[in-house]
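Here is my note on the structure, set out as numbered points on the packing and the cysteines.

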Amino acid sequence: MRLMGIEGRAVRGDKWSDARGFSLGHLVSESAADSKAKNSARRTRRAGREEGRESAQEQRTDGSPLPLSRCSVDNRVTRVAWLDRSSILYAGNDKWCLDPRVVLLANTKTQYSIQIQDVDVYDEGPYTCSVQTDNHPKTSRVHLIVQVSPKITEISSDISINEGGNVSLTCIATGRPDPTITWRHISPKAVGFISEDEYLEITGITREQSGEYECSASNDVSAPVVQRVKVTVNYPPYISDAKSTGVPVGQKGILMCEASAVPSADFQWYKDDKRLAEGQKGLKVENKAFFSRLTFFNVSEQDYGNYTCVASNRLGNTNASMILYEETTTALTPWKGPGAVHDGNNGACPFAVE
């Protein structure tokens, strides 16, 4: 929490003067009724006039004490007092308020100052130092502005949505002055802010727009505060890599099938129209989040042929065909065999997906 003082004007008779560097004289000891009447008169005279500004001591740490701007006095002063909006805080050395946070700092021949400890937003407002000589009452006013670091009080939860859907994210923050809120996508391809508002709307979201979105709230009182929301975009499988492989008889052969999907795809392998089961003799099926590996430990003539990889999740399925073919080592130019054949993403699957 940081505070700044705004200096008012010192009035002498009906003439205004800048209170900075002005040696304030005598305290006006006023009754509540007199104070109210004089304040009303001052407000009338102030209409249309711009108040001068002066920075009070800044305190960036929450709850730290704030000394009000000192009130300069001289040997002509007979009475001094500090007042807030509605009551006398101190008159001379006598404390009139009940707030234990308000303490007297100095009452000397040259200055009269008080301190407010553990400042909060309710302390904001005008404070008046009133001094009096025998014949010339004068006042000096300080306006305290309480500045509060930004704080995010409400933010959307992590969300999971199907590709093509609409997303609405919310980030609410408080602070004094009101914080500026911005959204940005945490992505290598994202550049700059995508929203400078509490609300972020994404229409027809794509898989490239998945990831974390960061809300930042700032008001220059302290460092910006940030929180993130994770947006998961679900989409059906897409097989990105499936290649035919040539292997000599008696050697180890591997067929690979890579697929992108959210949620992760489940994989199944078929030879012609027969599903290959895990643990089948001479074979090993290894399924991971984004690929499946079919391993032949000792390739035989019966292993050569057409194989199909099927990738599926709750949003759809796709498949790709590839060939395990015999590769001879005696030919000058070995036959590389055909490439993989895809049916296209989410096409009709010729196999029953279990």
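1. Contact here means heavy atoms within 4.5 Å. Leaving aside neighbours within four places in sequence, leucine 294 is in contact with Gly253, Ile254, Leu255, Trp269, Leu276, Lys284, Val285 and Tyr307.

2. This is a predicted model, in which local features need pLDDT of at least 70 and side-chain atom pairs count only at pLDDT 80 or more, while totals for chains, interfaces and linings use all residues. Residues are numbered from 1 along each chain as its sequence is written, and side-chain values use heavy atoms, with hydrogens and water left out.

3. The largest nonpolar core (buried Ala, Val, Leu, Ile, Met, Phe, Trp, Tyr and Cys residues joined through side-chain atoms within 4.5 Å; buried means under 20% relative accessible area, with a 1.4 Å probe and protein chains only) has 23 residues, and Leu294 and Trp269 are among those with the most contacts inside it. Its largest share, four residues, comes from strand 20, strands being DSSP runs of E, at least two residues long, numbered from the N terminus.

4. Three disulfides (pairs of cysteine sulfur atoms within 2.5 Å) are found in the whole structure. Cysteine 257 and cysteine 309 are both buried, and their sulfur atoms lie 2.1 Å apart. Cysteine 257 lies in strand 20 and cysteine 309 in strand 25, so this pair ties together parts that are 52 residues apart in sequence.

5. Cysteine 71 is joined to cysteine 129 with an S to S distance of 2.0 Å, and this link is left-handed, with -85 degrees about the S-S bond. For cysteine 171 and cysteine 215 the S to S distance is 1.9 Å.

Definitions and conventions
Buried means under 20% relative accessible area, exposed over 50%, partly exposed in between (1.4 Å probe, protein chains only).
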